[in-house]
Amino acid sequence: MGMTISEKILAAHAGSEKVEPGELIEVEVDFSLANDITAPIAIERFRQAGAKEVYDAGRIAFVPDHFVPNKDIESALQCQLLREFAVEHKLTNFFEVGRMGIEHALLPEQGLVLPGDVVVGADSHTCTYGGLGAFATGVGSTDLAAVMITGRIWFRVPASIKFVYQGNLQPWVTGKDLILYTIGQIGVDGARYRAMEFTGPVIAQLSMDQRLTMANMAIEAGAKNGIIAPDEITRVYVDERAQRSYRFYESDSDAHYEQVITYDVNEIEPQVALPPSPANSRPVSSLDEIPIHQVVIGSCTNGRLEDLRLAAELLTGRRVAPGVRCLIIPATQAIYRQAMDEGLFAIFLEAEAAISTPTCGPCLGGHMGILAPGERAVATTNRNFVGRMGHPESEVYLASPAVAAASAVLGRIASPEEL
Amino acid sequence: MKLSGKAWKFGADIDTDAIIPARYLNTSDPEELAKHCMEDADPEFAQRVSAGDIIVAERNFGCGSSREHAPIAIKAAGVGCVIAASFARIFYRNAFNMGLPILESPEASADIVTGEHLELDLSTGVIVNKSRNLTYQAQPVPPFMQELLATGGLIPYVMKTRGNPKTEG
(Lines give C-alpha, C1' and ligand atoms only; values in the text may rest on other atoms or scores of the structure.)
Protein backbone atom coordinates (compact mmCIF):
# COMPACT_ATOMS: atom_id res chain seq x y z
CA MET A 1 0.00 0.00 0.00
CA GLY A 2 1.17 3.52 -0.77
CA MET A 3 1.64 6.50 1.50
CA THR A 4 -0.07 9.85 1.86
CA ILE A 5 1.89 13.06 1.35
CA SER A 6 2.12 13.54 5.14
CA GLU A 7 3.45 10.00 5.61
CA LYS A 8 5.98 10.45 2.81
CA ILE A 9 7.40 13.64 4.26
CA LEU A 10 7.63 12.08 7.71
CA ALA A 11 9.24 8.90 6.36
CA ALA A 12 11.85 10.89 4.47
CA HIS A 13 12.71 12.87 7.59
CA ALA A 14 12.80 9.74 9.78
CA GLY A 15 15.17 8.03 7.36
CA SER A 16 12.59 5.29 6.76
CA GLU A 17 11.27 3.71 3.60
CA LYS A 18 7.78 3.72 5.01
CA VAL A 19 5.85 4.92 8.04
CA GLU A 20 2.35 3.97 9.16
CA PRO A 21 -0.28 5.80 11.19
CA GLY A 22 0.24 5.26 14.91
CA GLU A 23 3.95 4.60 14.57
CA LEU A 24 6.26 6.60 16.83
CA ILE A 25 9.13 8.11 14.91
CA GLU A 26 11.89 10.63 15.40
CA VAL A 27 12.34 13.09 12.55
CA GLU A 28 14.78 15.74 11.42
CA VAL A 29 13.32 19.25 11.56
CA ASP A 30 14.00 21.58 8.64
CA PHE A 31 12.80 24.75 10.31
CA SER A 32 11.45 25.81 13.68
CA LEU A 33 9.99 28.99 15.13
CA ALA A 34 8.68 30.68 18.23
CA ASN A 35 7.10 34.03 19.05
CA ASP A 36 7.21 36.54 21.88
CA ILE A 37 4.76 34.50 23.98
CA THR A 38 6.23 31.04 23.48
CA ALA A 39 9.96 31.71 23.03
CA PRO A 40 10.56 32.99 26.59
CA ILE A 41 9.58 29.59 28.03
CA ALA A 42 11.56 27.78 25.32
CA ILE A 43 14.64 29.86 26.20
CA GLU A 44 14.17 29.03 29.89
CA ARG A 45 13.95 25.30 29.12
CA PHE A 46 16.94 25.53 26.79
CA ARG A 47 18.99 26.96 29.64
CA GLN A 48 17.58 24.49 32.20
CA ALA A 49 18.75 21.68 29.94
CA GLY A 50 22.24 23.10 30.17
CA ALA A 51 22.39 23.64 26.41
CA LYS A 52 25.08 25.96 25.14
CA GLU A 53 24.36 26.00 21.41
CA VAL A 54 21.40 25.78 19.09
CA TYR A 55 21.54 22.97 16.52
CA ASP A 56 21.53 25.36 13.57
CA ALA A 57 21.34 29.15 13.94
CA GLY A 58 19.95 29.47 10.41
CA ARG A 59 16.97 27.21 10.98
CA ILE A 60 15.34 28.74 14.03
CA ALA A 61 13.22 31.85 13.65
CA PHE A 62 12.15 34.07 16.53
CA VAL A 63 9.29 36.29 15.43
CA PRO A 64 8.00 38.71 18.07
CA ASP A 65 4.54 39.35 16.64
CA HIS A 66 1.88 38.81 19.30
CA PHE A 67 2.26 41.72 21.74
CA VAL A 68 4.40 43.92 19.48
CA PRO A 69 5.06 46.75 19.06
CA ASN A 70 5.52 46.14 22.79
CA LYS A 71 2.18 46.82 24.43
CA ASP A 72 3.46 47.10 28.00
CA ILE A 73 6.57 46.65 30.10
CA GLU A 74 6.05 42.91 30.57
CA SER A 75 5.75 42.42 26.81
CA ALA A 76 8.86 44.53 26.27
CA LEU A 77 10.72 42.26 28.70
CA GLN A 78 9.60 39.17 26.80
CA CYS A 79 10.81 40.64 23.50
CA GLN A 80 14.06 41.67 25.14
CA LEU A 81 14.65 38.04 26.13
CA LEU A 82 14.19 36.94 22.52
CA ARG A 83 16.44 39.71 21.22
CA GLU A 84 19.25 38.88 23.63
CA PHE A 85 19.04 35.17 22.90
CA ALA A 86 19.02 35.84 19.15
CA VAL A 87 22.17 37.94 19.45
CA GLU A 88 23.90 35.48 21.76
CA HIS A 89 23.20 32.53 19.47
CA LYS A 90 23.57 34.48 16.21
CA LEU A 91 20.08 33.52 14.99
CA THR A 92 19.86 34.58 11.36
CA ASN A 93 16.10 34.90 11.50
CA PHE A 94 15.16 37.27 14.28
CA PHE A 95 12.62 39.75 12.99
CA GLU A 96 12.48 43.09 14.74
CA VAL A 97 9.57 45.51 14.40
CA GLY A 98 9.91 47.15 11.00
CA ARG A 99 11.03 43.86 9.44
CA MET A 100 8.65 41.71 11.42
CA GLY A 101 5.41 40.26 10.14
CA ILE A 102 2.92 37.79 11.56
CA GLU A 103 5.02 34.62 11.69
CA HIS A 104 2.83 32.40 9.49
CA ALA A 105 2.59 35.03 6.77
CA LEU A 106 6.23 36.07 7.08
CA LEU A 107 8.06 32.75 6.89
CA PRO A 108 6.45 31.52 3.64
CA GLU A 109 6.86 35.01 2.15
CA GLN A 110 10.57 34.97 2.99
CA GLY A 111 11.07 31.50 1.52
CA LEU A 112 12.17 30.12 4.88
CA VAL A 113 9.61 27.32 4.98
CA LEU A 114 9.25 25.23 1.85
CA PRO A 115 7.42 22.32 0.24
CA GLY A 116 8.48 18.95 1.63
CA ASP A 117 9.79 20.43 4.90
CA VAL A 118 9.09 19.28 8.40
CA VAL A 119 8.39 22.50 10.29
CA VAL A 120 7.77 22.70 14.02
CA GLY A 121 6.65 25.89 15.71
CA ALA A 122 5.73 26.94 19.21
CA ASP A 123 2.46 28.29 17.90
CA SER A 124 -0.60 26.25 17.06
CA HIS A 125 -1.08 27.89 13.66
CA THR A 126 2.25 26.54 12.43
CA CYS A 127 0.05 24.15 10.43
CA THR A 128 -0.33 27.06 7.95
CA TYR A 129 2.73 25.89 5.98
CA GLY A 130 0.84 22.78 4.92
CA GLY A 131 -0.54 25.11 2.25
CA LEU A 132 2.90 24.90 0.62
CA GLY A 133 3.02 21.10 0.84
CA ALA A 134 5.09 20.96 4.04
CA PHE A 135 4.40 18.85 7.13
CA ALA A 136 4.03 21.59 9.71
CA THR A 137 2.65 21.40 13.22
CA GLY A 138 2.44 23.37 16.44
CA VAL A 139 4.08 22.27 19.68
CA GLY A 140 4.65 23.70 23.15
CA SER A 141 7.69 25.63 24.23
CA THR A 142 9.42 22.67 25.87
CA ASP A 143 9.14 20.59 22.70
CA LEU A 144 10.52 23.55 20.80
CA ALA A 145 13.46 23.89 23.21
CA ALA A 146 14.32 20.25 22.51
CA VAL A 147 14.21 20.96 18.78
CA MET A 148 16.43 24.03 19.24
CA ILE A 149 19.01 21.77 20.89
CA THR A 150 18.80 18.60 18.81
CA GLY A 151 17.13 19.54 15.52
CA ARG A 152 14.89 16.53 16.04
CA ILE A 153 11.46 15.72 17.43
CA TRP A 154 9.37 12.61 18.01
CA PHE A 155 5.93 12.25 16.48
CA ARG A 156 3.17 9.74 16.33
CA VAL A 157 2.41 9.40 12.62
CA PRO A 158 -1.13 10.74 12.12
CA ALA A 159 -3.78 8.92 10.14
CA SER A 160 -4.99 11.05 7.24
CA ILE A 161 -8.45 12.27 6.35
CA LYS A 162 -8.87 13.27 2.72
CA PHE A 163 -11.17 16.17 1.92
CA VAL A 164 -12.22 16.44 -1.72
CA TYR A 165 -13.73 19.74 -2.88
CA GLN A 166 -15.68 19.52 -6.14
CA GLY A 167 -17.88 21.85 -8.13
CA ASN A 168 -17.73 25.58 -8.75
CA LEU A 169 -17.08 28.20 -6.12
CA GLN A 170 -20.02 30.54 -5.69
CA PRO A 171 -19.52 34.33 -5.74
CA TRP A 172 -17.53 35.64 -2.76
CA VAL A 173 -16.70 32.14 -1.51
CA THR A 174 -13.04 31.85 -0.52
CA GLY A 175 -10.69 29.35 1.10
CA LYS A 176 -11.79 30.81 4.44
CA ASP A 177 -15.39 29.84 3.74
CA LEU A 178 -14.34 26.32 2.71
CA ILE A 179 -12.39 25.74 5.91
CA LEU A 180 -15.11 27.25 8.14
CA TYR A 181 -17.66 25.06 6.39
CA THR A 182 -15.43 21.99 6.82
CA ILE A 183 -14.89 22.61 10.54
CA GLY A 184 -18.63 23.15 10.89
CA GLN A 185 -19.23 19.75 9.33
CA ILE A 186 -16.68 17.74 11.35
CA GLY A 187 -16.46 19.72 14.61
CA VAL A 188 -13.57 21.14 16.62
CA ASP A 189 -12.23 17.67 17.34
CA GLY A 190 -13.33 16.13 14.05
CA ALA A 191 -9.73 15.72 12.91
CA ARG A 192 -8.10 15.41 16.33
CA TYR A 193 -4.59 13.96 15.95
CA ARG A 194 -5.19 13.56 12.20
CA ALA A 195 -3.67 14.94 9.03
CA MET A 196 -6.24 16.88 6.99
CA GLU A 197 -5.41 16.59 3.32
CA PHE A 198 -7.25 19.12 1.17
CA THR A 199 -7.67 17.96 -2.42
CA GLY A 200 -9.87 18.15 -5.49
CA PRO A 201 -10.36 20.46 -8.47
CA VAL A 202 -11.40 23.42 -6.31
CA ILE A 203 -8.19 23.27 -4.28
CA ALA A 204 -6.14 22.95 -7.46
CA GLN A 205 -7.52 26.34 -8.54
CA LEU A 206 -6.98 28.11 -5.23
CA SER A 207 -4.31 30.77 -4.94
CA MET A 208 -1.44 30.29 -2.53
CA ASP A 209 -2.88 32.88 -0.13
CA GLN A 210 -6.15 30.95 0.10
CA ARG A 211 -4.37 27.61 0.49
CA LEU A 212 -2.41 29.02 3.41
CA THR A 213 -5.71 30.22 4.93
CA MET A 214 -7.20 26.74 4.72
CA ALA A 215 -4.18 24.93 6.17
CA ASN A 216 -3.95 27.61 8.89
CA MET A 217 -7.25 26.53 10.44
CA ALA A 218 -6.64 22.76 10.43
CA ILE A 219 -5.81 23.11 14.15
CA GLU A 220 -9.34 24.41 14.69
CA ALA A 221 -10.58 20.91 13.83
CA GLY A 222 -7.99 19.45 16.21
CA ALA A 223 -5.69 18.30 13.40
CA LYS A 224 -1.98 17.72 13.74
CA ASN A 225 -1.46 19.18 10.30
CA GLY A 226 -3.31 20.34 7.23
CA ILE A 227 -1.72 19.79 3.86
CA ILE A 228 -2.20 20.53 0.17
CA ALA A 229 -0.14 18.78 -2.51
CA PRO A 230 2.20 21.29 -4.16
CA ASP A 231 1.71 22.08 -7.85
CA GLU A 232 2.54 24.78 -10.39
CA ILE A 233 0.84 27.44 -8.27
CA THR A 234 3.13 26.40 -5.43
CA ARG A 235 6.17 26.38 -7.69
CA VAL A 236 5.53 29.90 -8.94
CA TYR A 237 5.12 31.09 -5.34
CA VAL A 238 8.24 29.43 -3.90
CA ASP A 239 10.64 29.73 -6.83
CA GLU A 240 11.13 33.45 -6.37
CA ARG A 241 11.54 33.13 -2.61
CA ALA A 242 13.17 29.81 -1.70
CA GLN A 243 16.36 30.25 0.29
CA ARG A 244 17.31 26.56 -0.08
CA SER A 245 16.26 23.56 -2.13
CA TYR A 246 12.85 22.01 -1.67
CA ARG A 247 11.01 18.89 -2.72
CA PHE A 248 7.47 18.20 -3.89
CA TYR A 249 5.72 15.16 -2.46
CA GLU A 250 2.33 13.80 -3.43
CA SER A 251 0.08 11.07 -2.10
CA ASP A 252 0.20 7.70 -3.81
CA SER A 253 -2.98 6.66 -5.61
CA ASP A 254 -3.24 3.65 -3.27
CA ALA A 255 -2.52 5.60 -0.07
CA HIS A 256 -4.71 4.74 2.89
CA TYR A 257 -7.14 7.30 4.29
CA GLU A 258 -9.08 6.85 7.50
CA GLN A 259 -11.92 8.74 5.82
CA VAL A 260 -12.58 10.40 2.51
CA ILE A 261 -15.04 13.28 2.70
CA THR A 262 -16.32 14.96 -0.47
CA TYR A 263 -17.97 18.37 -0.56
CA ASP A 264 -19.85 19.91 -3.46
CA VAL A 265 -18.85 23.56 -3.21
CA ASN A 266 -21.83 24.63 -5.33
CA GLU A 267 -23.75 24.23 -2.07
CA ILE A 268 -21.42 26.40 -0.02
CA GLU A 269 -22.10 30.10 0.43
CA PRO A 270 -20.02 32.60 2.43
CA GLN A 271 -19.78 31.34 5.99
CA VAL A 272 -19.83 32.92 9.43
CA ALA A 273 -18.74 31.00 12.56
CA LEU A 274 -20.76 32.15 15.54
CA PRO A 275 -19.19 32.40 18.99
CA PRO A 276 -17.82 30.59 20.88
CA SER A 277 -16.65 27.89 18.45
CA PRO A 278 -15.10 27.86 14.98
CA ALA A 279 -17.37 24.87 14.33
CA ASN A 280 -20.51 27.04 14.65
CA SER A 281 -20.36 27.97 11.00
CA ARG A 282 -23.53 29.00 9.17
CA PRO A 283 -24.34 30.41 5.73
CA VAL A 284 -24.27 34.18 6.09
CA SER A 285 -27.73 34.45 4.52
CA SER A 286 -29.23 32.31 7.29
CA LEU A 287 -28.38 34.80 10.03
CA ASP A 288 -30.79 37.26 11.59
CA GLU A 289 -29.75 40.88 11.87
CA ILE A 290 -26.67 40.94 14.13
CA PRO A 291 -25.36 44.47 14.79
CA ILE A 292 -21.60 44.80 15.22
CA HIS A 293 -19.13 47.21 16.83
CA GLN A 294 -15.82 46.21 15.30
CA VAL A 295 -14.35 44.55 12.23
CA VAL A 296 -10.84 43.12 12.12
CA ILE A 297 -9.29 42.25 8.77
CA GLY A 298 -5.88 40.66 9.28
CA SER A 299 -4.11 37.85 11.18
CA CYS A 300 -2.13 34.76 10.14
CA THR A 301 -5.38 33.48 8.66
CA ASN A 302 -6.41 36.38 6.41
CA GLY A 303 -3.90 39.22 6.51
CA ARG A 304 -2.32 38.53 3.13
CA LEU A 305 -2.38 40.66 0.01
CA GLU A 306 -5.29 38.88 -1.64
CA ASP A 307 -7.33 39.35 1.54
CA LEU A 308 -6.64 43.08 1.55
CA ARG A 309 -7.50 43.35 -2.14
CA LEU A 310 -10.80 41.58 -1.51
CA ALA A 311 -11.63 43.94 1.36
CA ALA A 312 -10.62 46.94 -0.78
CA GLU A 313 -12.84 45.80 -3.64
CA LEU A 314 -15.86 46.00 -1.33
CA LEU A 315 -14.79 49.14 0.50
CA THR A 316 -14.14 51.14 -2.67
CA GLY A 317 -16.36 54.21 -2.64
CA ARG A 318 -18.06 53.10 0.57
CA ARG A 319 -17.81 54.06 4.22
CA VAL A 320 -17.58 52.04 7.39
CA ALA A 321 -20.96 52.31 9.13
CA PRO A 322 -21.32 54.80 11.99
CA GLY A 323 -20.59 53.11 15.30
CA VAL A 324 -18.29 50.54 13.73
CA ARG A 325 -14.50 50.50 14.07
CA CYS A 326 -12.82 48.78 11.13
CA LEU A 327 -9.22 47.70 11.74
CA ILE A 328 -7.08 46.52 8.84
CA ILE A 329 -3.80 44.82 9.70
CA PRO A 330 -1.52 43.81 6.80
CA ALA A 331 0.32 40.70 8.00
CA THR A 332 3.86 41.64 6.92
CA GLN A 333 5.89 44.70 5.96
CA ALA A 334 6.02 43.51 2.34
CA ILE A 335 2.23 43.11 2.21
CA TYR A 336 1.87 46.53 3.84
CA ARG A 337 4.16 48.09 1.22
CA GLN A 338 2.47 46.36 -1.69
CA ALA A 339 -1.02 47.28 -0.44
CA MET A 340 0.10 50.88 -0.17
CA ASP A 341 1.68 50.86 -3.64
CA GLU A 342 -1.49 49.41 -5.14
CA GLY A 343 -3.57 52.20 -3.65
CA LEU A 344 -5.46 49.98 -1.22
CA PHE A 345 -4.60 52.24 1.71
CA ALA A 346 -6.29 55.19 0.03
CA ILE A 347 -9.44 53.10 -0.32
CA PHE A 348 -9.28 52.02 3.34
CA LEU A 349 -8.67 55.55 4.56
CA GLU A 350 -11.47 56.97 2.38
CA ALA A 351 -13.71 54.32 3.92
CA GLU A 352 -12.62 55.52 7.38
CA ALA A 353 -10.94 52.27 8.33
CA ALA A 354 -7.78 52.28 10.47
CA ILE A 355 -4.60 50.64 9.19
CA SER A 356 -2.15 49.07 11.64
CA THR A 357 1.45 47.92 11.50
CA PRO A 358 1.69 44.09 11.41
CA THR A 359 0.75 42.42 14.70
CA CYS A 360 -1.34 39.48 15.94
CA GLY A 361 -2.77 42.09 18.35
CA PRO A 362 -6.55 41.81 18.60
CA CYS A 363 -6.84 38.22 17.32
CA LEU A 364 -5.86 36.87 20.72
CA GLY A 365 -7.12 39.80 22.77
CA GLY A 366 -3.59 41.14 23.14
CA HIS A 367 -3.90 44.77 22.11
CA MET A 368 -4.87 47.03 19.19
CA GLY A 369 -8.60 46.44 19.28
CA ILE A 370 -9.83 44.88 22.53
CA LEU A 371 -13.58 44.45 22.96
CA ALA A 372 -15.67 45.76 25.88
CA PRO A 373 -18.42 43.67 27.51
CA GLY A 374 -21.34 43.25 25.12
CA GLU A 375 -19.35 44.25 22.06
CA ARG A 376 -19.42 42.17 18.93
CA ALA A 377 -16.76 41.84 16.24
CA VAL A 378 -16.61 40.28 12.81
CA ALA A 379 -13.04 39.10 12.32
CA THR A 380 -11.09 37.33 9.61
CA THR A 381 -9.12 35.63 12.40
CA ASN A 382 -9.24 31.98 13.44
CA ARG A 383 -10.75 31.70 16.92
CA ASN A 384 -13.96 32.96 18.48
CA PHE A 385 -13.60 31.39 21.91
CA VAL A 386 -15.01 33.14 25.00
CA GLY A 387 -12.88 36.20 25.74
CA ARG A 388 -10.68 35.68 22.71
CA MET A 389 -10.68 39.35 21.62
CA GLY A 390 -11.23 40.95 24.99
CA HIS A 391 -13.84 40.85 27.71
CA PRO A 392 -15.39 37.41 28.33
CA GLU A 393 -18.78 38.96 27.55
CA SER A 394 -17.70 40.15 24.12
CA GLU A 395 -18.28 38.11 20.96
CA VAL A 396 -16.26 37.24 17.86
CA TYR A 397 -17.81 36.11 14.57
CA LEU A 398 -15.33 34.52 12.14
CA ALA A 399 -15.63 35.21 8.43
CA SER A 400 -13.76 35.93 5.20
CA PRO A 401 -12.41 39.40 4.32
CA ALA A 402 -15.38 39.81 1.95
CA VAL A 403 -17.99 39.20 4.64
CA ALA A 404 -15.98 41.29 7.11
CA ALA A 405 -15.78 44.25 4.70
CA ALA A 406 -19.49 44.03 3.81
CA SER A 407 -20.35 43.86 7.51
CA ALA A 408 -18.19 46.93 8.23
CA VAL A 409 -20.14 48.91 5.65
CA LEU A 410 -23.59 47.77 6.76
CA GLY A 411 -22.90 47.79 10.51
CA ARG A 412 -24.25 44.28 10.89
CA ILE A 413 -23.19 40.86 9.76
CA ALA A 414 -23.77 40.99 6.04
CA SER A 415 -23.15 39.20 2.80
CA PRO A 416 -21.14 40.97 0.07
CA GLU A 417 -24.19 40.36 -2.12
CA GLU A 418 -26.08 42.95 -0.10
CA LEU A 419 -23.82 45.81 -1.15
CA MET B 1 2.04 7.35 41.89
CA LYS B 2 -1.20 7.84 43.78
CA LEU B 3 -3.23 11.03 43.96
CA SER B 4 -6.42 12.06 45.65
CA GLY B 5 -8.56 15.16 45.63
CA LYS B 6 -11.87 16.82 44.99
CA ALA B 7 -13.31 16.85 41.47
CA TRP B 8 -14.03 20.02 39.46
CA LYS B 9 -16.19 19.15 36.48
CA PHE B 10 -15.96 21.01 33.17
CA GLY B 11 -17.63 20.46 29.79
CA ALA B 12 -16.35 19.65 26.31
CA ASP B 13 -13.86 21.62 24.20
CA ILE B 14 -12.35 23.61 27.07
CA ASP B 15 -9.92 25.70 25.06
CA THR B 16 -6.58 27.14 26.14
CA ASP B 17 -8.04 30.66 26.13
CA ALA B 18 -10.48 29.48 28.80
CA ILE B 19 -7.66 27.78 30.75
CA ILE B 20 -5.43 30.85 30.64
CA PRO B 21 -6.65 33.87 28.64
CA ALA B 22 -4.06 35.40 26.30
CA ARG B 23 -4.48 38.76 28.03
CA TYR B 24 -2.34 37.33 30.85
CA LEU B 25 0.39 35.91 28.63
CA ASN B 26 2.73 38.86 28.99
CA THR B 27 4.35 36.76 31.69
CA SER B 28 5.22 33.08 32.08
CA ASP B 29 5.50 33.28 35.87
CA PRO B 30 3.60 30.20 37.18
CA GLU B 31 2.24 32.01 40.26
CA GLU B 32 0.82 34.87 38.15
CA LEU B 33 -0.70 32.44 35.64
CA ALA B 34 -2.22 30.35 38.45
CA LYS B 35 -4.24 33.39 39.61
CA HIS B 36 -6.17 33.30 36.33
CA CYS B 37 -6.41 29.54 35.84
CA MET B 38 -9.72 28.54 34.16
CA GLU B 39 -10.89 32.15 34.49
CA ASP B 40 -13.04 32.31 31.37
CA ALA B 41 -14.66 28.94 32.13
CA ASP B 42 -15.20 29.51 35.88
CA PRO B 43 -14.09 32.91 37.23
CA GLU B 44 -14.03 31.60 40.82
CA PHE B 45 -12.00 28.47 40.17
CA ALA B 46 -8.57 29.96 40.92
CA GLN B 47 -9.69 31.26 44.32
CA ARG B 48 -11.55 28.13 45.34
CA VAL B 49 -9.34 25.30 44.10
CA SER B 50 -7.38 23.39 46.78
CA ALA B 51 -4.04 21.68 46.39
CA GLY B 52 -4.48 18.21 44.95
CA ASP B 53 -7.90 18.86 43.41
CA ILE B 54 -8.65 17.15 40.14
CA ILE B 55 -10.09 18.68 36.98
CA VAL B 56 -12.52 16.36 35.22
CA ALA B 57 -13.56 17.43 31.73
CA GLU B 58 -15.37 16.11 28.73
CA ARG B 59 -13.84 15.61 25.30
CA ASN B 60 -11.08 17.66 23.61
CA PHE B 61 -9.70 19.33 26.74
CA GLY B 62 -7.05 21.96 25.95
CA CYS B 63 -7.97 22.64 22.34
CA GLY B 64 -6.74 25.80 20.65
CA SER B 65 -3.39 27.42 21.14
CA SER B 66 -0.03 25.74 21.79
CA ARG B 67 0.56 27.84 24.89
CA GLU B 68 2.43 25.83 27.49
CA HIS B 69 1.13 28.42 29.94
CA ALA B 70 -2.06 26.30 30.09
CA PRO B 71 -0.62 23.21 31.82
CA ILE B 72 1.72 25.52 33.78
CA ALA B 73 -1.27 27.49 35.13
CA ILE B 74 -3.16 24.32 36.04
CA LYS B 75 -0.18 22.78 37.79
CA ALA B 76 0.70 26.00 39.63
CA ALA B 77 -2.94 26.35 40.78
CA GLY B 78 -2.34 23.12 42.70
CA VAL B 79 -4.34 20.78 40.49
CA GLY B 80 -2.98 17.24 40.87
CA CYS B 81 -4.33 15.69 37.70
CA VAL B 82 -6.63 16.35 34.76
CA ILE B 83 -9.00 13.58 33.72
CA ALA B 84 -10.80 14.03 30.40
CA ALA B 85 -12.71 11.98 27.87
CA SER B 86 -10.03 13.10 25.40
CA PHE B 87 -7.31 15.74 25.11
CA ALA B 88 -6.32 18.05 22.29
CA ARG B 89 -3.02 16.98 20.78
CA ILE B 90 -0.74 19.87 21.73
CA PHE B 91 -2.09 20.08 25.28
CA TYR B 92 -1.45 16.35 25.69
CA ARG B 93 2.21 16.74 24.78
CA ASN B 94 2.63 19.90 26.85
CA ALA B 95 1.12 18.30 29.95
CA PHE B 96 3.59 15.41 29.87
CA ASN B 97 6.46 17.76 29.10
CA MET B 98 5.49 19.85 32.15
CA GLY B 99 4.97 16.90 34.45
CA LEU B 100 1.24 17.51 34.81
CA PRO B 101 -0.43 14.10 35.17
CA ILE B 102 -3.34 13.52 32.83
CA LEU B 103 -5.61 10.53 32.32
CA GLU B 104 -8.00 9.77 29.48
CA SER B 105 -11.24 8.13 30.56
CA PRO B 106 -14.55 8.77 28.80
CA GLU B 107 -16.24 6.68 31.47
CA ALA B 108 -14.92 8.74 34.41
CA SER B 109 -15.54 11.95 32.50
CA ALA B 110 -19.19 11.09 31.89
CA ASP B 111 -19.94 10.06 35.48
CA ILE B 112 -17.98 12.24 37.91
CA VAL B 113 -19.57 15.46 39.19
CA THR B 114 -18.07 18.47 40.96
CA GLY B 115 -17.26 17.91 44.61
CA GLU B 116 -16.82 14.15 44.50
CA HIS B 117 -13.74 12.74 46.15
CA LEU B 118 -11.42 10.85 43.81
CA GLU B 119 -8.45 8.58 44.32
CA LEU B 120 -6.34 7.55 41.38
CA ASP B 121 -3.27 5.53 40.60
CA LEU B 122 -1.33 6.79 37.59
CA SER B 123 0.57 3.53 37.16
CA THR B 124 -2.58 1.44 36.74
CA GLY B 125 -4.93 4.09 35.39
CA VAL B 126 -7.55 3.12 37.97
CA ILE B 127 -9.74 5.99 39.19
CA VAL B 128 -11.86 5.45 42.31
CA ASN B 129 -14.83 7.69 43.04
CA LYS B 130 -14.84 7.49 46.85
CA SER B 131 -18.06 9.49 47.12
CA ARG B 132 -20.04 6.78 45.36
CA ASN B 133 -17.66 3.80 45.58
CA LEU B 134 -17.31 3.48 41.83
CA THR B 135 -14.25 2.56 39.82
CA TYR B 136 -13.28 3.69 36.33
CA GLN B 137 -10.43 2.54 34.15
CA ALA B 138 -8.40 5.19 32.36
CA GLN B 139 -6.38 4.53 29.22
CA PRO B 140 -2.89 3.37 30.10
CA VAL B 141 -0.09 5.84 29.39
CA PRO B 142 1.55 4.88 26.06
CA PRO B 143 4.90 3.08 26.49
CA PHE B 144 6.91 5.90 24.93
CA MET B 145 5.38 8.41 27.34
CA GLN B 146 6.18 6.16 30.28
CA GLU B 147 9.80 6.29 29.19
CA LEU B 148 9.64 10.06 28.87
CA LEU B 149 8.14 10.29 32.38
CA ALA B 150 10.67 7.80 33.74
CA THR B 151 13.50 10.12 32.75
CA GLY B 152 11.66 13.02 34.43
CA GLY B 153 10.06 14.79 31.47
CA LEU B 154 11.33 16.18 28.21
CA ILE B 155 14.19 18.35 29.43
CA PRO B 156 15.96 15.56 31.33
CA TYR B 157 15.26 13.31 28.34
CA VAL B 158 16.98 15.75 26.01
CA MET B 159 19.91 16.09 28.40
CA LYS B 160 20.27 12.32 28.32
CA THR B 161 20.10 11.96 24.55
CA ARG B 162 21.85 15.19 23.56
CA GLY B 163 24.94 14.82 21.47
CA ASN B 164 23.31 12.79 18.71
CA PRO B 165 25.03 14.23 15.68
CA LYS B 166 22.57 15.79 13.26
CA THR B 167 22.54 13.87 10.03
CA GLU B 168 21.54 15.42 6.76
CA GLY B 169 18.07 14.36 5.72
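## The second largest cavity

By class, 6 nonpolar, 4 polar and 1 charged residues make up the lining of the second largest cavity, in what is a predicted model. This cavity holds about 70 Å³ of space, and its lining draws on chain A through Val188(A), Ile219(A) and Gly222(A). From chain B the lining takes Asn60(B), Gly62(B), Cys63(B) and Gly64(B), together with the run Ala88(B), Arg89(B), Ile90(B) and Phe91(B).

Two of these lining residues, Gly62(B) and Phe91(B), are also in contact with one another. Leaving aside neighbours within four places in sequence, Phe91(B) further contacts Ile19(B), Phe61(B), Ala70(B), Pro71(B), Ile74(B), Leu100(B) and Ile102(B).

## The nonpolar cores

Phe91(B) reappears in the largest nonpolar core, a set of 83 residues in which Phe348(A), Phe61(B), Ile74(B) and Phe91(B) touch the most other members. The element that gives the most to this core is helix 11 of chain A (residues 305–315), with 7 residues. Because domain 1 (5–263) and domain 2 (271–418) of chain A both contribute residues, the core lies between them.

A second core, separate from the one just described, has 41 residues, and Ile25(A), Val29(A), Ile60(A) and Phe135(A) are among them.

## The largest cavity

The structure holds 3 cavities of 30 Å³ or more, and the largest of them has a volume of about 230 Å³. Its lining consists of 22 residues, of which His66(A), Asp123(A), His125(A), Leu364(A) and Arg388(A) are the closest to the cavity centre. Helix 4 (103–109) and helix 10 (299–302) of chain A are the elements that give two or more residues to this lining.

Sorted by class, the lining of the largest cavity has 10 polar, 7 nonpolar and 5 charged residues. Both domain 1 (5–263) and domain 2 (271–418) of chain A supply lining residues, so the largest cavity lies between these domains, and the largest nonpolar core likewise lies between them, because both domains give residues to that core.

## Chain B as a whole

Chain B, to which Phe61(B), Ile74(B) and Phe91(B) of the largest core belong, has 8 helices and 7 strands. Of its 169 residues, 56% are buried, where buried stands for under 20% relative accessible area. Among the contacts in chain B with a separation of 6 or more, 62% are accounted for by residues 24 or more positions apart.

Key
Residues numbered from 1 in each chain as written. Chains lettered and ligands numbered in written order. Predicted model: local features only at pLDDT ≥ 70, side-chain atom pairs only at ≥ 80, totals over all residues. Heavy atoms only, no water. Core = buried A, V, L, I, M, F, W, Y, C linked by side-chain atoms within 4.5 Å. Buried < 20%, exposed > 50% of the residue type's maximum accessible area, 1.4 Å probe, protein only. Helix = DSSP H or I, 4+ residues; strand = E, 2+ residues; numbered from the N terminus. Domains from an automatic or database assignment. Contact = heavy atoms within 4.5 Å. 1 Å grid on protein atoms, 1.4 Å probe; cavity = no way out; pocket = protein on both sides within 12 Å on 5 of 7 lines; lining within 4 Å. Points joined across faces, edges and corners; volume = space filled by probe spheres on them. Nonpolar A, V, L, I, M, F, W, Y, C, P; charged D, E, K, R; others polar.
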